[in-house]
Amino acid sequence: MLLAIDTSAGTAVAVVALDGRVLAERSTDDTRRHAEVIGPFLDEVLHAPGVSAGALTGVVTGIGPGPYTGLRVGIAAAHAVAIARGIPLLPVPSHDAVALALVEGGIAAGRFAVVTDARRREVAVTVYAAGLPLPTVVEPAHLVARIEWTPDEAVPAHEVLEIAAVPLAHVALARLAAGLPFAAPQPLYLRAPDVTLSAPKRVS
Amino acid sequence: MSAQPLVLGIESSCDETGIGIVRGTTLLANVISSSMEQHARFGGVVPEVAARAHLEALEPALREALAVAGVTLDELDAIAVTSGPGLAGALMVGVGAAKALAVALDKPFYAVNHLVGHVGADVLRTEGEPAIELPTIALLVSGGHTSLLHVRDLTSDVELLGETIDDAAGEAFDKVARLLGLPYPGGPHIDRAAADGNPTAVRFPRGLTLPKDLERHRYDFSFSGLKTAVARHVEKLRDAGEPVPIADIAASFREAVADVLTAKAIAACTDLGVPRLLLGGGVAANARVRALAAERCAAAGVELRIPPISLCTDNGAMIAALAAQLIMAGHAPSPLDVSADSTLPVTQIQA
Ligand SMILES: [Zn+2]
């Protein structure tokens with residue numbers, strides 16, 4: 001039984017059985033209340049019928065890209081659950097969940113791009129080649145100025161506003177089944193911290 | 001729950017990731033991972049850098065604290081966290097982790113006030129030392145806050161008498177240090193430079209101490225004018241091609257800060273008839289602030305308490321200690337949907 005948490009856009013939490021069945025799911029597209037809703041959401045899914053924290057075998061965490069403040073809430077929470085239950089943390093790039101859902105839904109084929117807003121007039125883009133059980137990453141997540149982002153006809157772009165936790169768990173199940181490694185548990189920040197080193201200004 | 005609850009506290013309001021474990025009033029572990037060095041070249045805490053560091057430090061600090069305390073997560077009676085005040089993005093890392101720990105372990109969750117936590121630290125004295133007596137005045141001074149509190153009951157009755165209306169005192173130390181070409185963090189470096197200086201060399205202004213200011217801001221602080229006065233003084237010397245006497249300026253600046261901090265704290269003790277003063281926050285490590293506080297407390301017949309420095313700077317043990325006090329006083333856990341509140345008022349001891 002896997003718990004999956006993604007806070008790269010809104011907040012999405014799900015518990016999925018090892019055969020892929022969805023046991024519980026909660027989500028909101030609110031992009032400003034991650035730290036609030038993570039508590040009740042976890043409480044609800046871990047107390048859903050047929051679910052218990054003690055039965056979890058892994059915690060899947062979406063590592064973004066996404067706005068940093070919210071993204072960190074989910075990763076910190078996933079870390080904490082993994083430590084609390086003594087189970088592995090399974091970090092997955094959040095775009096991978098979108099890509100899998102697009103391929104499974106028959107919406108994407110061939111090469112395609114998953115696009116999310118990265119603020120400051122930039123978008124985060126990951127390019128995939130469709131395939132199952134998992135789409136292949138052709139270009140890992142990177143930032144592109146929105147104005148320069150001209151969709152390639154051969155690579156249709158799918159811009160999404162929400163990342164769901166269920167496909168995130170499905171990506172993890174597929175990786176586990178195939179014996180594939182997981183990402184590092186760090187957020188995909190894609191930008192250095194925004195700080196400028198200014199000399200003290202004159203006051204007189 | 002046992003009479004002496006075993007509580008794990010998480011603190012992430014500024015640049016220290018703190019994990020503390022206490023059993024009632026007994027300190028079992030106080031692990032602090034600081035991102036101070038990463039802020040050094042910027043001359044002050046950079047919120048995004050601090051928040052990134054919290055996420056990195058969380059797991060190792062948690063594991064270390066459990067190992068030091070010699071307890072397992074299952075044994076804990078409650079999980080506590082700072083929910084404010086502090087840097088929003090930094091607070092959220094701790095809040096997210098604490099909620100998840102509490103839910104995954106099925107333990108009660110206590111979200112508490114950082115400032116009251118500083119006062120709560122004083123209950124963690126080593127065996128045999130007298131316990132904190134209330135009511136007390138508390139002067140909490142760090143890079144993030146400068147607050148004067150009247151604490152009548154740790155778990156139910158804390159009043160904010162005054163606070164800084166601009167910069168925190170610790171922030172003023174950092175900014176003046178930069179001006180003088182001293183490294184970050186400013187406090188200890190200014191302390192060192194000031195040791196050989198003359199504190200009466202320059203009479204820098206004491207913010208909000210004039211009679212007209214005292215009417216409205218009797219217990220409030222202001223350090224922005226002081227910082228500007230130091231900058232102006234240094235510029236004038238440099239413009240005239242004269243050498244800048246670092247030691248004298250550091251000593252004079254430090255004296256102005258220590259003077260105004262302790263004068264207002266003692267005034268609160270005297271005005272309110274509270275013969276006790278507690279110092280907390282990183283600035284409690286400042287040699288001159290300590291010395292002047294001791295001198296003035298003795299003269300005013302006020303008992304001075306300063307917790308050990310490792311409990312004065314931001315830490316998780318003080319958060320765990322305050323939560324343990326709340327539990328022992330019968331307070332119910334916090335709801336799981338509390339937010340990280342960067343401006344949580346001090347009257348709200350528990351969120
Ligand atoms: Zn503090």
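Buried, for this talk, means under 20% relative accessible area. I start there because the helix I want to show first is described in those terms. One caution: this is a predicted model.

The helix is α3 of chain A, residues 94–104. How many of its 11 residues are buried? Nine of them are, so by the 20% cut-off the helix is mostly covered. The buried residues begin with a run from the start of the helix: A:S94, A:H95, A:D96, A:A97, A:V98, A:A99 and A:L100. A:L102 and A:V103 are buried as well. After α3(A) comes A:G106, and its phi is positive, near 70 degrees.

Now the interface. Chain B puts 37 residues into the contact, and chain A puts in 38. Between them, chain B and chain A bury about 3,200 Å². Carbon and sulfur atoms give 69% of that area. On the side of chain B, three residues stand out: B:R52, B:L55 and B:A104 supply 20% of what chain B buries against chain A, more than any other three residues.

Next, the polar side of the interface. The rule finds three salt bridges across the interface of chain B and chain A. One of the pairs to look at is A:R202 with B:D239, a salt bridge whose closest N and O atoms are 2.9 Å apart. For polar contacts, the count across the interface is eight residue pairs, both residues at pLDDT 80 or more.

Which elements of chain B give two or more residues to the side that touches chain A? They are α2 (47–69), α3 (88–105) and α8 (224–239). Of the contributions to that side, the one from α3(B) is the most, at 12 residues. Sorted by class, the side of chain B that touches chain A has 20 nonpolar, 13 charged and four polar residues.

Last, a single residue in chain B. B:S35 sits in the loop between β3 (26–34) and α1 (36–39). Is B:S35 buried or exposed? Its relative accessibility is 2%, and therefore B:S35 counts as buried. What does B:S35 touch, leaving aside neighbours within four places in sequence? The contacts are B:D15, B:A50 and B:A53. B:T17 is 18 residues away from B:S35 along the chain, and their C-alpha atoms are separated by 8.1 Å.

That is the tour: a helix in chain A, the interface, and one loop residue in chain B.

Terms used
Residues numbered from 1 in each chain as written. Chains lettered and ligands numbered in written order. Predicted model: local features only at pLDDT ≥ 70, side-chain atom pairs only at ≥ 80, totals over all residues. Heavy atoms only, no water. Contact = heavy atoms within 4.5 Å. Buried area = accessible area lost by both parts, 1.4 Å probe. Salt bridge = Lys/Arg side-chain N within 4 Å of Asp/Glu carboxyl O. Polar contact = N/O pair within 3.5 Å; in protein donor to acceptor, adjacent residues only side chain to side chain. Helix = DSSP H or I, 4+ residues; strand = E, 2+ residues; numbered from the N terminus. Nonpolar A, V, L, I, M, F, W, Y, C, P; charged D, E, K, R; others polar. Buried < 20%, exposed > 50% of the residue type's maximum accessible area, 1.4 Å probe, protein only.
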